Amino acid sequence: MELQKIGLGATADVYRYNEKNIIKIFHEDITESAIDKECEINKRIQGLGINVPLYGGRVIKDGRQAIIMEYIEGKSMFHKMFEPDADLIQLANDFALLHYKIHECRNISLESNKTRLEKHIAYSDELEPDTLDKVQRLLDTLPNGNSLCHNDFHPDNIIVSEKGLYIIDWSDASCGDPLADVARTSMVFDCVALPDDVPMEMRNQINQARKYFGTLYEAAYAKLLGVDTLPIMQWKVVEAAHRIHCEAEENKPIFKKIIYDYFNTI
């Protein structure tokens, strides 16, 4: 029986496997160690008190590495944002609270977020060596932290189901300062790149909506922390340097501006 594709990403394609499960089939260029890491992360986040799909094990499908995960019935929060009766304020509050609850999970046995960032920044070829050196020295001054960090927390990775809000795609999870994770999410809402087949009018609508949603999210998370403004600028610089090499060309000027504006003003 032919599997029904329900999602695709940079590392794998996702198919409906049966009534209760999906299968995530990795692309052939994904290394064994990367798959090992994702499997281990999925095992470690089970039972932490946050809604995540149950991990069903690792298999070979049509000669390729794959993992089985619980199927969660529902729509992504991103799609919910564009429904006619969408309450963006409530959705953003729910989104921020969910992120906050992730960060309340501490001392999980995962890779240090700072170690993860250091490794990726060192291989970046988008910035001059002296700028990379400044970013590395900035990272050295930032706190280690011990919170669970998703590192790709955005509305398309949240499934709104009858059972609650579920967080998917934990392949980049680590343990570190929650504000680093918040900075990463904040930057998602600054991006403008969309698939080429999205009409211009719709592109503008989507970008305006996610920019507004990002502002609501930051305000909601700041309120949970008891502060007026989130102190995430330094983490945004580090995250921009970390992500810029794999960003769409449309987003690279945005990320470079974050980096160079910071170092030009300190």
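These are my notebook entries on a predicted model.

**Entry 1. The open sheet**

I began with the strands. I found 3 strands in an open sheet, ordered β6-β8-β9, with antiparallel pairing. The edges are β6 (75-76) and β9 (164-167), and each of these pairs on one side only. I then looked at how β6 meets β8. Strand β8 covers residues 158-161, and its antiparallel pairing with β6 runs over 2 bridges. I noted one bridge by residue: Ser76 has Ile159 in β8 as its partner.

Next I asked which helix lies across β8 and β9. The helix is α3, residues 88-103, and it runs at about 55 degrees to β9.

**Entry 2. The β4-β5 hairpin**

I moved on to another strand pair. Strands β4 (residues 55-61) and β5 (residues 64-70) pair in the antiparallel sense, with 6 bridges. Arg58 stands opposite Ile67 in β5. The hairpin has 2 residues between its strands. I checked the backbone there and found that Asp62 takes a positive phi, near 55 degrees.

**Entry 3. Aromatic rings**

I searched for ring pairs and got a count of 10 aromatic pairs. I took Phe95 and Tyr217 as my example. Their ring centres are 5.2 Å apart and their planes stand at 65 degrees; over 60 counts as edge-to-face, so this pair is edge-to-face. The two rings come from distant parts of the chain: Phe95 sits in helix α3 and Tyr217 in helix α7 (residues 200-225), 122 residues apart. Both Phe95 and Tyr217 are buried.

Tyr217 also pairs with Phe189. Here the centres are 6.1 Å apart and the planes are at 50 degrees, so I logged the pair as tilted. This pair, too, links distant parts of the chain. Phe189 is in the loop between α6 (178-188) and α7, 28 residues from Tyr217 in helix α7.

I looked up burial for these two residues as well. Phe189 has a relative accessible area of 4%, so it is buried. Tyr217 is at 0% relative accessibility and also counts as buried.

Which residues do the ring pairs link into a cluster? I listed Phe95, Tyr100, Phe153, Phe189, Phe213, Tyr217 and Tyr221.

**Entry 4. Leu117 and His242**

I placed Leu117 in helix α4. Its relative accessible area is 0%, so Leu117 is buried. I set aside neighbours within four places in sequence and listed its contacts. They are Leu139, Trp235, Val238, Glu239 and His242. I also took one longer distance: Leu117 and Glu249 are 21 Å apart, C-alpha to C-alpha, with their positions 132 residues apart in sequence.

I followed the contact to His242. This residue belongs to helix α8 (residues 233-243). Buried or exposed? His242 counts as buried, because its relative accessibility is 4% and the limit is under 20%. With the neighbours within four places left aside again, His242 is in contact with Arg116, Leu117, His120 and Ile121.

**Entry 5. Ser124**

I then went to the loop between α4 (113-122) and α5 (129-141), where Ser124 is found. Ser124 has a relative accessible area of 7%, so it is buried. A polar atom of the Ser124 side chain lies 3.5 Å from the backbone nitrogen of Glu126. Not counting residues up to four places away in sequence, Ser124 touches Leu132, Ala241 and Ile244.

**Entry 6. Cysteines**

How many disulfides does a search of the whole structure find? I got 0. I checked Cys39 by itself: the nearest cysteine sulfur is that of Cys175, 20 Å away, and Cys39 is in no disulfide. Cys149 is in no disulfide either. Its nearest cysteine sulfur is again that of Cys175, at 6.9 Å. Why does that not count? A disulfide needs the two sulfur atoms within 2.5 Å.

I looked up burial for both. Cys39 is buried, with a relative accessible area of 5%. Cys149 is at 0% relative accessibility and counts as buried.

As a last look-up I took the separation of His242 and Cys149. They are 93 residues apart in sequence and 15 Å apart in space, C-alpha to C-alpha.

Key: Residues numbered from 1 in each chain as written. Predicted model: local features only at pLDDT ≥ 70, side-chain atom pairs only at ≥ 80, totals over all residues. Heavy atoms only, no water. Pairing = 2+ DSSP bridges. Helix = DSSP H or I, 4+ residues; strand = E, 2+ residues; numbered from the N terminus. Contact = heavy atoms within 4.5 Å. Axes fitted to C-alpha atoms, helices over the stretch in contact; angles between N-to-C directions. Buried < 20%, exposed > 50% of the residue type's maximum accessible area, 1.4 Å probe, protein only. Polar contact = N/O pair within 3.5 Å; in protein donor to acceptor, adjacent residues only side chain to side chain. Phe/Tyr/Trp six-rings, centres within 6.5 Å; stacked < 30°, edge-to-face > 60°.
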